[in-house]
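I opened this one to see how the helices pack and what sits inside. My notes follow in the order I looked things up.

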Amino acid sequence: MSDIYTIDFEPSKLSYRQEELGLEFADLDTAVELMKKEEKMIVAELTLYFSKNGGYKNITELNGLIYSDRRFKEFFDRYEKTLKERNRAKIRFESFQAFRNDLRTKVVSERELAKNL
């Protein structure tokens, strides 16, 4: 990974890097969205399991059983890692976009200044 401040104003390189960062973010964002669906499936499966195997007294007890279950905890560990990666990818992508816009503005300003000299 390169330091964004060492990149010269070469539009094709900048576009390529922005696309790379955007695709990384998009892939991780998709993974997070799929994991949200997986969470619902796990909760449904565990609700059915606990209903069939002794039941529960109330929703609070059911939630306690679900969220303390090994299957949910394993899912949550994966979800936490994926969400963290997605959030970091989003920050890298948005920071690069801001850098690219700042660099473009700087180049345009320098060109205008050179014309007026």
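How far does α3 reach from its first C-alpha to its last? I got 68 Å for its 46 residues, close to the 68 Å expected at 1.5 Å a residue. Note to self: this is a predicted model.

**Entry: α1**

I ran the same check on α1, residues 11-52. Its 42 residues should span 62 Å at 1.5 Å a residue, and I found the end C-alpha atoms 61 Å apart, which agrees. Just past α1, I noted Gly54 with a positive phi of about 100°.

Next I listed what α1 hides. Its buried residues are Leu14, Arg17, Gln18, Leu21, Gly22, Phe25, Leu28, Val32, Met35, Ile42, Leu46 and Phe50. I looked up what these pack against, and it is α2 and α3. The spacing in such a list is worth a reminder: an α-helix has 3.6 residues a turn, so residues three or four places apart point the same way.

**Entry: α2 against α3**

I pulled up the pair α2 (residues 59-68) and α3 (residues 70-115). Their axes come within 5 Å and cross at roughly 60°. That makes the two helices oblique to each other. On the α2 side I found Ile66, Tyr67 and Ser68 making the contact, and on the α3 side Arg70, Phe72 and Lys73. Sorted by class, I have 3 nonpolar, 1 polar and 2 charged residues there.

Then I checked the loop between these helices, where Asp69 lies. Is Asp69 buried or exposed? Its relative accessibility is 14%, so I put Asp69 down as buried, the cut-off being under 20%. Leaving aside neighbours within four places in sequence, Asp69 is in contact with Leu46 and Phe50, which are both among the buried residues of α1.

**Entry: the cores**

Which residues make up the largest nonpolar core? I wrote down 10: Val32, Met35, Ile42, Leu46, Phe50, Leu62, Ile66, Phe72, Phe75 and Tyr79. Each of α1, α2 and α3 supplies at least two of them. The largest share, 5 residues, comes from α1. I also found a second, separate core of 6 residues, which includes Leu14, Phe93, Phe99 and Leu103.

**Entry: back to α3**

I listed the buried residues of α3 too: Phe72, Phe75, Tyr79, Thr82, Arg86, Ala89, Phe93, Phe96, Phe99, Arg100, Leu103 and Val107. What covers them includes α1 and α2.

I picked Phe75 in α3 for a closer look. At 1% relative accessibility, Phe75 counts as buried. Which residues does Phe75 touch, not counting those up to four places away in sequence? I found Met35, Glu38, Glu39 and Ile42. Two of these, Met35 and Ile42, are listed with Phe75 in the largest nonpolar core. I also took the distance from Phe75 to Ala26: they are 49 residues apart in sequence and 21 Å apart in space, C-alpha to C-alpha.

Last, I looked at Glu80, also placed in α3. Its relative accessibility is 49%, so I logged Glu80 as partly exposed. From Glu80 to Arg104 I got 36 Å between C-alpha atoms, with the two lying 24 residues apart along the chain.

Conventions: Residues numbered from 1 in each chain as written. Predicted model: local features only at pLDDT ≥ 70, side-chain atom pairs only at ≥ 80, totals over all residues. Heavy atoms only, no water. Axes fitted to C-alpha atoms, helices over the stretch in contact; angles between N-to-C directions. Helix = DSSP H or I, 4+ residues; strand = E, 2+ residues; numbered from the N terminus. Parallel < 35°, antiparallel > 145°, perpendicular 65-115°, else oblique. Contact = heavy atoms within 4.5 Å. Nonpolar A, V, L, I, M, F, W, Y, C, P; charged D, E, K, R; others polar. Expected span 1.5 Å × (residues − 1). Buried < 20%, exposed > 50% of the residue type's maximum accessible area, 1.4 Å probe, protein only. Core = buried A, V, L, I, M, F, W, Y, C linked by side-chain atoms within 4.5 Å.
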